[in-house]
Amino acid sequence: MPRLTDDVLDCTIYLYETHVNASRGVETGGSGFLYEIPFGSEKFGRGHLYAVSNWHVVQKAPVIRLNSSQGQKIIRKKPHEWFRHPDQHTDLAVCLLANDLRGEDSSLYTFKSISPGHLATKERIAELNIGIGDDTFLVGRFVNHDGVQRNEPSVRFGSIAQMPKNKIKTDTGEQEAFLVEVKSISGFSGSPVFALISEKRSRDYREKISTMRGNPTAMAIVMAQDVTELFIFLGIDCGHLIDSQPVVDANGRKTGGYIHVNTGMAIVIVPWKLTELLENPTLKRQREEAERERKKQIVGAEDYASKPTQRSNAKNPADRIDIPTPNRKEFLSDLRKATRRKKSSE
C-alpha cells in the first residue's frame with residue numbers, strides 16, 4: 001500500500017444523536033461522507049452536496065459534524081430529513097446539505113466530496129479488472145480515538161475478499177455488497193471504502209480513456225486525481241459479519257454459552273445502490289428546482305449588468321434629469337440661510 005494523500009480524510013463526516021453530543025464529541029454514533037452531483041452547467045456553482053451514511057446509523061444519530069478552519073460545523077438534522085433507499089432493504093440514506101451551507105464562506109470548510117467520477121461502476125470494475133485481493137482502505141470514525149473538538153478520521157487497510165455475487169443478510173435487510181477485510185468495528189458504519197488501483201493498471205487506464213474525448217464521465221476519475229495510483233470508490237461500509245464462538249471454562253469444556261466475535265469482514269454496499277437512491281423522484285425534483293433557481297439568479301445578474309444606465313440611454317435631453325453640484329460659495333450661502341431659519345423658528 002503506497003503513501004496516501006492526506007486529503008482523503010476530508011470527505012468524512014461524523015454522526016451524533018444530538019447537537020450537544022456533537023459539540024462535546026461523545027463516543028457514540030457513526031460515520032458518513034460527502035457526495036456531490038455536479039450542476040448541469042459549471043457556471044451554476046459546485047453542485048448538489050449530500051451527506052451519505054447507513055439507514056441504521058441516521059435513525060439514531062442524524063446530526064452531522066464536519067470540520068471547518070474554525071473548529072467544527074454542526075448541522076442539526078432529524079431522522080425524517082434523511083431519505084432511505086427505495087427498496088427498503090439497502091442500508092443507505094442521504095440528506096441534501098444545500099440550505100445548511102448556503103450563504104456561508106466556503107473557505108471556512110476543509111471538506112472534499114466524492115463525485116460520480118470516483119464511482120466503481122460495473123463498467124469500471126471490468127475495465128480496471130478490480131477483483132479479489134485488490135488493496136482497499138476505509139476512512140471513518142474510530143470511536144476509541146476519534147478527536148473531540150475536531151473530526152480526526154482513521155484509515156484502515158485491507159483487501160477485497162469476495163465480489164458482490166450473493167446478497168448478504170443483515171438486520172436492516174439483504175445487501176448487495178462486497179466482503180472486504182478491513183477490520184471494521186462499531187463506529188465505522190457509513191464510512192466510504194476505496195479500492196486502490198496499481199500503478200500499471202492506472203497508467204493503462206489513463207492511456208485508454210485519454211482517447212475518449214467525447215466521454216467526460218470517463219475522464220472525470222482521472223481529472224479528479226493527480227496521483228500515480230488511482231483510487232476508486234468501492235462502496236459504503238454498513239457493518240461486519242459476526243461469528244458465534246462457544247464459551248469454555250478453565251479446563252476447556254464448553255459451558256453452553258456463546259459470544260459474538262467480529263470476523264473482520266466488512267460488508268461494503270456497492271456504489272450503484274447509491275446512484276439508485278439519488279434517482280429518487282423527490283431528490284431529482286429538488287435538484288431540478290435548485291438549478292432553475294440558480295439559473296434565474298445568474299441570468300438575472302447578467303441581464304442587470306448588461307443593461308445601460310437610464311442616464312446614458314437618454315437620447316432626448318428632456319428625458320434626462322441632471323442634479324447640479326453646488327460650488328463652495330453656494331453651499332455656504334445655503335448653510336447660513338438654513339441656520340437663520342432654524343434660529344427664527346426657535
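## Group meeting talk: strands, cores and ring pairs in a predicted model

Let me start with strand β1, residues 12-16, which is joined to β2 by four bridges, the two running antiparallel; helices (H or I, at least four residues) and strands (E, at least two) are DSSP runs numbered from the N terminus, and two strands pair if DSSP finds at least two bridges between them. Before going on, I should say that this is a predicted model, in which local features need pLDDT of at least 70 and side-chain atom pairs count only at pLDDT 80 or more, while totals for chains, interfaces and linings use all residues. Residues are numbered from 1 along each chain as its sequence is written, and side-chain values use heavy atoms, with hydrogens and water left out.

Staying with Tyr-14, its bridge partner in β2 is Ser-31, and the face of the Tyr-14 ring has Arg-141 lying over it, at 5.1 Å from the ring centre. The rule there is that NZ of Lys or CZ of Arg is within 6 Å of the ring centre and within 35 degrees of the ring normal.

Which order do the strands of the open sheet take? There are seven of them, running β5-β4-β1-β2-β3-β7-β6, with antiparallel pairing, and the edge strands, each of which pairs on one side only, are β5 (71-75) and β6 (83-84). As a reminder, strands of a sheet pair through backbone hydrogen bonds, either parallel or antiparallel.

After β6 comes a backbone detail, since the loop between β6 and β7 (93-96) is the place of Gln-88, whose phi is near 60°, a positive value in a residue other than glycine. Gln-88 counts as partly exposed at 46% relative accessibility, where buried means under 20% relative accessible area, exposed over 50%, and partly exposed in between, with a 1.4 Å probe and protein chains only. Asn-129, in the loop between α4 (122-127) and β8, likewise has a positive phi, near 55°, and is not a glycine; at 59% relative accessibility, Asn-129 counts as exposed.

Turning to the interior, a nonpolar core here is a set of buried Ala, Val, Leu, Ile, Met, Phe, Trp, Tyr and Cys residues joined through side-chain atoms within 4.5 Å. Which residues touch the most other members of the largest nonpolar core? They are Tyr-35 and Leu-274, in a core of 29 residues. At least two residues of this core come from each of β2 (30-37), β3 (48-53), β8 (135-140), β12 (177-181), β13 (192-196), β14 (231-248), β15 (254-269) and α7 (272-278), and the largest share, four residues, is supplied by β14. Leaving aside residues up to four places away in sequence, Leu-274 touches Phe-33, Tyr-35, Val-52, Leu-92, Val-94 and Phe-233, contact meaning heavy atoms within 4.5 Å. Apart from this core lies another, of 22 residues, which include Ile-125, Val-193, Ala-195 and Ile-197.

Next, the aromatic rings, where the count comes to six pairs; rings of Phe, Tyr and Trp (its six-membered ring) pair if their centres lie within 6.5 Å, with planes under 30 degrees apart counted as stacked, over 60 as edge-to-face and the rest as tilted. Why is the pair of Phe-33 and Phe-233 called tilted? Their ring centres are 5.3 Å apart and their planes stand at 55°, so the pair falls in that class. Because Phe-33 lies in strand β2 and Phe-233 in strand β14, this pair ties together parts that are 200 residues apart in sequence. Both rings belong to buried residues, Phe-33 with a relative accessible area of 0% and Phe-233 at 0% relative accessibility.

The pair of Phe-137 and Phe-194 is stacked, because the ring centres are 5.1 Å apart and the planes are at 25°. Here strand β8 holds Phe-137 and strand β13 holds Phe-194, so parts 57 residues apart in sequence are tied together. Phe-137 counts as buried at 0% relative accessibility, and Phe-194 as buried at 3%. Ring pairs also link Phe-33, Phe-137, Phe-194, Phe-231 and Phe-233 into a cluster.

The backbone tells of β8 and β13 too, since three bridges join them in an antiparallel arrangement, with Ala-195 in β13 as the bridge partner of Thr-136. Five of the five residues of β13 are buried, and both of its faces are covered, with Pro-192, Phe-194 and Leu-196 on one side and Val-193 and Ala-195 on the other.

Finally, the cysteines: the count of disulfides, taken as pairs of cysteine sulfur atoms within 2.5 Å, comes to zero. Cys-95 counts as buried at 2% relative accessibility, and Cys-238 is buried as well, with a relative accessible area of 8%.
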